[in-house]
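Colleague: I'm new to this one, so please pick a single part and take me through it closely.

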Amino acid sequence: IDKATPYERARQGVGFVPQGREIFGRLTVQENLLMGLATKKGGTPIPAELFELFPVLKQMLGRRGGDLSGGQQQLVAIASIMVMEPAILVMDEPTSQLDPGGARLVFDVIDTLAERGTTVVLFEHKLELLREHADTLGVLAGGRIALSGTPHDVLADERLDQWGVGSTR
């Protein structure tokens, strides 16, 4: 997959939400969601199911992305990828720069996506959130997976401190 172009990955069912809530601030929420439909045939509507996952977005369709809170912007970023209906969703630091309420909101959506069958791969530093939401946890050290297993087992491993991951104990 690393040799594929971004549009080829999208067509293969891989969605990517980058760190930093990269949405179009001058576009409305609706326009941001329509941008996510670029891999679909022209005129494809925003799936109604999306508003079941993200009910707050329906109320914000006419608002500009740049006028939203950080948590709301992150939901727009996730939703604009979800309209592609990816089988795998890769998220880089989805709670970066969010307050605890915004982080909970994002993880509630991630949990719902996982329950609906979407594989979610997260890169996250907030280990305490992963304890509650991850099925499997891996720790990268030196560009390689240095440790993996259940969140309980991984977070109890004393090597986390030596890798600079930090202790959650």
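Modeller: Let's take the second largest pocket, which has a volume of about 510 Å³ (a pocket is an open set of 1 Å grid points where a 1.4 Å probe fits, with protein on both sides within 12 Å along at least five of seven lines; lining residues have an atom within 4 Å of a point; the volume is the space filled by probe spheres on those points). This is a predicted model, where local features need pLDDT of at least 70 and side-chain atom pairs 80 or more, while totals for chains, interfaces and linings use all residues. Residues are numbered from 1 along each chain, and side-chain values use heavy atoms, without hydrogens or water.

Of the 22 lining residues, F16, G36, S80, I81 and M84 sit closest to the pocket's centre. By class, the lining has 15 nonpolar, five polar (Gly counts here) and two charged residues. Two or more residues each come from α1 (6-11), β1, α2 and α5 (DSSP runs: helices, H or I, of at least four residues; strands, E, of at least two).

Now follow α5, residues 70-82. Its 13 residues should span 18 Å at 1.5 Å a residue (times one less than the residue count), and the end C-alpha atoms are indeed 18 Å apart. In α5, 11 of the 13 residues are buried (under 20% relative accessible area, 1.4 Å probe, protein chains only), so the helix is largely enclosed by the rest of the structure. S80 and I81 are among those buried residues. What covers them all includes β1 (14-17), α2 (29-35), α3 (48-53), α4 (55-59), β2 (88-92) and α6 (100-115), with contact meaning heavy atoms within 4.5 Å.

Terms used: Buried < 20%, exposed > 50% of the residue type's maximum accessible area, 1.4 Å probe, protein only.
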